[in-house]
Amino acid sequence: YVRFHLISPLIQQSAENIVLFDTFVNILSHNLGEPAYEADVAQLEYKLVAGEYGLIIRVKGFNHKLPLLFQLIIDYLSDFSFTPAVFEMITEQLKKTYYNILIKPETLAKDVRLLILEHGRWSMIDKYQTLMKGLSIEALSAFVKAFKSQLFVEGLVQGNFTS
């Protein structure tokens, strides 16, 4: 079991940064779909989560091939690229996801409660409005470059691994 948290102070600076980060993580997951398929067949699991303060990478499975899967994820992260068509598709999916959160009273209530309790939190309404105003491909590229330049990494490896 391998878990790394790539923390960046950049994410919580604005609602736009949070939306750009969500877009980035979704595009990265989309890009990994085909190359990581063989790992899925070999009973290796991975998950990319857009955490509140950074990207969480979770990988688990048989230890002899786990480093290869983790390296694949890191390679796609370091050489991040996307097409305008993928960008449009992911932003449309995010609009639907944010909207679905807003129309459910229990999730909206949870969001409002956390907004009151946590200092510096951006509401789902802020994120949805930012996304509806539109994001540019250039803004995403600039955000990803800045994100990768301001990272702090925490990691945990469990199992029969050597140091």
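In which sense do S1 and strand S4 (residues 152–157) pair, and over how many bridges? The pairing is antiparallel, and S1 and S4 share six bridges. This is a predicted model. Its four strands form an open sheet, and helices H1 and H3 pack on that sheet.

**The sheet**
- The strand order is S2-S3-S1-S4, with antiparallel pairing.
- Strand S2 (45–50) and S4 stand at the edges. Each has a single partner strand, so one side of each is left without a neighbour in the sheet.
- From one strand to the next, the twist averages 10 degrees.
- In general, strands of a sheet pair through backbone hydrogen bonds, in either the parallel or the antiparallel sense.

**Strand S1 and its partners**
- Strand S1 (residues 2–7) also pairs with strand S3 (residues 54–60). That pairing is antiparallel and runs over six bridges.
- Leu6 has Leu55 as its bridge partner in S3.
- Val2 has Val157 as its bridge partner in S4.
- Val2 also stands opposite Val59 in S3.

**Helices on the sheet**
- H1 packs on the sheet and touches S2 and S3. The direction of H1 makes about 160 degrees with that of S2.
- Helix H3 (residues 66–78) packs on the sheet too, touching S1, S2 and S3. The direction of H3 makes about 155 degrees with that of S3.

**Where H1 meets H7**
- Helix H1 (residues 15–32) and helix H7 (residues 137–149) have axes that come within 10 Å. These axes cross at roughly 85 degrees.
- At that angle, H1 is roughly perpendicular to H7, because crossings of 65 to 115 degrees count as such.
- H1 contributes Glu16, Asn17, Leu20, Phe21, Thr23, Phe24 and Ile27 to the contact.
- H7 contributes Ala139, Leu140, Phe143, Val144 and Phe147.
- By class, the residues of this contact are nine nonpolar, two polar and one charged.

**Gln43, a residue to look at**
- Gln43 lies in the loop between helix H2 (37–41) and S2.
- Most residues other than glycine have a negative phi. Gln43 is not a glycine, yet its phi is positive, at about 65 degrees.
- Is Gln43 buried or exposed? Gln43 counts as exposed, because its relative accessibility is 56% and the cut-off for exposed is over 50%.

Key:
Residues numbered from 1 in each chain as written. Predicted model: local features only at pLDDT ≥ 70, side-chain atom pairs only at ≥ 80, totals over all residues. Heavy atoms only, no water. Pairing = 2+ DSSP bridges. Helix = DSSP H or I, 4+ residues; strand = E, 2+ residues; numbered from the N terminus. Axes fitted to C-alpha atoms, helices over the stretch in contact; angles between N-to-C directions. Parallel < 35°, antiparallel > 145°, perpendicular 65-115°, else oblique. Contact = heavy atoms within 4.5 Å. Nonpolar A, V, L, I, M, F, W, Y, C, P; charged D, E, K, R; others polar. Buried < 20%, exposed > 50% of the residue type's maximum accessible area, 1.4 Å probe, protein only.
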